Amino acid sequence: MSVSDDAILCNFPKCWTKLSGFAWVTVCSHVFCDQHGSGEFSLSPAICPACSSALSGKWDVVRTDLSPSEGYKAMVLAGLRPDIVLDISARALAFWSYQVRQEHMYQQYSLSRAEAQLKQMEKVLNQQNQSRELELTAMRGEIASLKKVMEEYKWKYNEVSERLIERNKQYQKLQALYESLRLRNMVVGVGEGDTLTQPGYHDYNTGAARQATPQRSPQFLPAGLDGDGRFFSCLEADRAKTFVQFNSSSRDRAWPLVKKH
């Protein structure tokens, strides 16, 4: 606050508003706005809200006009000796200087509190930044490990995909082999159906009539020692040793011979 500034602040705690109009001035060099002064100094005995001093004297508290009229200015000090006028002016200037110094000290106090809060906030901010850096470092390491795991899974996925494609190819080959064997079985079944009459057929070697055996679906047997693959048998286990033999050359040409394996 500069000396040329015509506004001083209310000394009431948590008020600190610029004074205008009427104000309450105390002998302990404090000044209050009209609102708080009227409320505080209406009690008896009056106590200064700023320093808690007792104000029991007649002139200890004065309500004054901060914007006096020209007539008041002309008559308030009129008739007084110069030394009295100078004494009154010196006391008024001292009061003003005290208010300015008090305001300066209050601003310094507020500044020191703000700086302390700022330092505390900077300390907290630095701690938070350090913790965030640690978290970021940990997260970067976790991301790197997850990327490594993802690459491993990709490699395993590609390997499994290749194996699946190979198995599909093998399955298609087996499916084609099964279809070819099934067709051959159907052809063999048709030939035997022409040879065997219902309800039985005649064995040309023994001359006895035998009951026809129903056709069965082909049964895949494990591969032999020569590793030529799989073959099938259309005969039951108890009938595997009995075959139909034909002596006629015409019948040999008509139906294929079923060999026992």
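Okay, a definition to start: when I say helix, I mean a DSSP run of H or I with at least four residues, and the helices are numbered from the N terminus. Keep that in mind for the salt bridges later on.

Right, what are we looking at? This is a predicted model, so let's begin with how confident the predictor is. The mean pLDDT of the chain is 77, and 70% of the residues get to 70 or more. Where does confidence bottom out, and where does it peak? The lowest mean, 41, belongs to strand E9, residues 231-233. The highest, 92, belongs to strand E2, residues 31-33. There's also a whole stretch to watch: over residues 196-261, pLDDT stays under 50. The model still has 72 contacts beyond four places in sequence for that stretch. Please don't get carried away with them, because where pLDDT is low, the predicted coordinates should not be read in detail.

Now the layout. The chain has 4 helices and 9 strands. If you walk along the sequence, you meet them as β-β-α-β-β-β-α-α-β-β-β-β-α. Out of 261 residues, 16% count as buried. The accessible surface adds up to about 20,300 Å², with 57% of that on carbon and sulfur atoms. And take the contacts between residues at least 6 apart in sequence: 43% of those join residues at least 24 apart.

Let's zoom in on strand E2, where confidence is highest. Val-31 sits in this strand. Is Val-31 buried or exposed? Its relative accessibility is 1%, so Val-31 counts as buried. Who is around it, then? Setting aside neighbours within four places in sequence, Val-31 is in contact with ten residues you can click through on your screens: Ile-8, Leu-9, Cys-10, Asn-11, Leu-19, Ala-23, Trp-24, Val-25, Phe-95 and Gln-99. Pick Leu-19 from that list: it lies 12 residues from Val-31 along the chain, and their C-alpha atoms are 8.9 Å apart.

Next, the cysteines. How many disulfides does the structure hold? The count is 0. Cys-15, for example, is in no disulfide, and the nearest cysteine sulfur, on Cys-10, is 3.8 Å away. The cut-off here is 2.5 Å between the sulfur atoms, which is why a 3.8 Å gap doesn't count. Cys-33 is in no disulfide either, and for Cys-33 the nearest cysteine sulfur is again that of Cys-10, at 3.8 Å. Are these two cysteines on show or tucked away? Cys-15 is buried at 17% relative accessible area, and Cys-33 is buried at 11%.

On to charges. The general idea is that side chains of opposite charge can pair when their charged atoms come close. This structure holds 5 salt bridges, and I'll show you some of them.

One of them joins the side chains of Arg-63 and Asp-34, at 3.1 Å from N to O. This pair links distant parts of the chain: Arg-63 is in strand E5, residues 61-65, while Asp-34 is in helix H1, residues 34-40, and 29 residues separate them. Both ends are partly exposed, Arg-63 at 40% and Asp-34 at 26%.

Another is between Asp-83 and Arg-81, at 3.4 Å from N to O. Here Asp-83 is partly exposed at 44%, whereas Arg-81 is exposed at 52%.

And here's where our helix definition pays off. Arg-91 and Asp-87 meet in a salt bridge too, at 3.5 Å from N to O. Why does the spacing of this pair make sense on a helix? Because Arg-91 and Asp-87 are 4 residues apart in helix H3, about one helical turn separates them. As for the surface, Arg-91 is exposed at 61%, and Asp-87 is partly exposed at 35%.

Last stop, further along that helix. Helix H3 covers residues 82-195, and Leu-136 is part of it. Together with Met-139 and Ile-143, Leu-136 forms a nonpolar patch on the surface, with about 260 Å² of accessible area between the three. Leu-136 itself is partly exposed, at 35% relative accessible area.

If you remember two things, make them these: Val-31 is buried in the model, and residues 196-261 stay under 50 in pLDDT. Thanks, everyone!

Conventions
Residues numbered from 1 in each chain as written. Predicted model: local features only at pLDDT ≥ 70, side-chain atom pairs only at ≥ 80, totals over all residues. Heavy atoms only, no water. pLDDT = per-residue confidence, 0-100. Helix = DSSP H or I, 4+ residues; strand = E, 2+ residues; numbered from the N terminus. Contact = heavy atoms within 4.5 Å. Buried < 20%, exposed > 50% of the residue type's maximum accessible area, 1.4 Å probe, protein only. Patch = residues over 30% accessible without salt bridge, like charges linked within 9 Å, V, L, I, M, F, W, Y side chains within 5 Å. Areas by Shrake-Rupley, 256 points an atom, 1.4 Å probe, with all protein chains shown as cover. Salt bridge = Lys/Arg side-chain N within 4 Å of Asp/Glu carboxyl O.
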